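I set aside some time today to go through this model and jot down what I looked up. Here are my notes, in the order I made them.

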Amino acid sequence: GVICMKKMLLIIDCQKAFINNYTKEYVNKIKEQLNTKDYSNVVFTIFKNNNKSAFYNLLGYKKCINDDDCKLMIDGNFTIIEKYTYSAVNIDLIEYISKNSIDEIYLCGFDTDGCILKTAFDLFENNIKAYILQDYCMSSGGEKYHYEAIDILKRSIGEKFII
């Protein structure tokens, strides 16, 4: 019989706080990827910050505290995993992957040089096959940071996982 691979699209932090001139055109690109129906599962992450976080206290990053900043830029009834760190790999995501027997994860969203990078590293270290959809990711810091992160990912998790 045919073995059906379960592919999951993991859309990282496609939320209002990360939208600027560098990232805004990628929202529609991500929608296109979502509409391909290539994936058995789709999960969105939402980054939430608070005044006790390292982002707030060490970096002085004050966004993503209110609901407006955290608002998803794509409407729909999606599975959402909240996260409080760069990485999307937390107990909720690991349980979801396990419960849904996911074989492969495809990453897109924001920021390539932060949350995408850290999530890809953590999935790799958990022995989970994850591909980075490089044309569906961007850094709110601009293309320079995006491409630097892609180069780091190619070296660290393998070129075959950057598509």
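**Entry 1: E1 and E2.** I began with E1 and E2, which pair in the parallel sense over 4 bridges. A note to keep in mind throughout: this is a predicted model. I then looked for a contact point and found isoleucine 11 opposite phenylalanine 44 in E2. As for the connection, E1, H1 and E2 make a β-α-β unit that is right-handed.

**Entry 2: the other neighbour of E2.** Which strand does phenylalanine 44 face in its turn? It stands opposite isoleucine 80 in E3. E2 and E3 (residues 79-83) are parallel, and I count 5 bridges for the pair. I also checked burial: 6 of the 7 residues of E2 are buried, so the rest of the structure largely encloses this strand.

**Entry 3: E4.** Next I moved to E4, which covers residues 104-110. How many of its residues are buried? I got 7 of 7. Looking at the faces separately, I have Glu104, Tyr106, Cys108 and Phe110 buried on one side, and Ile105, Leu107 and Gly109 buried on the other. That split fits what I expect, as side chains in a regular strand alternate between the two faces of the sheet.

**Entry 4: partners of E4.** E1 (residues 7-12) pairs with E4 in the parallel sense over 6 bridges, and lysine 7 has glutamate 104 as its bridge partner there. E4 also runs parallel to E5 (residues 129-138), joined by 6 bridges. In that pair, leucine 107 is matched with isoleucine 132 of E5. To get from E4 to E5 the chain passes through H5 (residues 112-125), and I noted this β-α-β crossover as right-handed.

**Entry 5: the core.** I turned to the largest nonpolar core, which has 51 residues. Leu10, Leu93, Ile105, Leu123 and Ile132 touch the most other members. Elements that each supply at least two residues include E1, H1 (24-35), E2 (41-47), H4 (91-99) and H6 (143-157). Which element gives the most to this core? E5 does, with 6 residues.

**Entry 6: the pocket.** Last, I looked up the largest pocket, and its space comes to about 220 Å³. Its lining has 13 residues, and Phe18, Phe55, Leu59, Tyr86 and Asp111 lie nearest the centre. By type, I have 8 nonpolar, 2 polar and 3 charged residues in the lining. H5 turns up again here, giving the most to the lining with 3 residues.

Conventions. Residues numbered from 1 in each chain as written. Predicted model: local features only at pLDDT ≥ 70, side-chain atom pairs only at ≥ 80, totals over all residues. Heavy atoms only, no water. Buried < 20%, exposed > 50% of the residue type's maximum accessible area, 1.4 Å probe, protein only. Pairing = 2+ DSSP bridges. Right-handed = clockwise from strand over helix to strand, strands pointing away. 1 Å grid on protein atoms, 1.4 Å probe; cavity = no way out; pocket = protein on both sides within 12 Å on 5 of 7 lines; lining within 4 Å. Points joined across faces, edges and corners; volume = space filled by probe spheres on them. Nonpolar A, V, L, I, M, F, W, Y, C, P; charged D, E, K, R; others polar. Core = buried A, V, L, I, M, F, W, Y, C linked by side-chain atoms within 4.5 Å.
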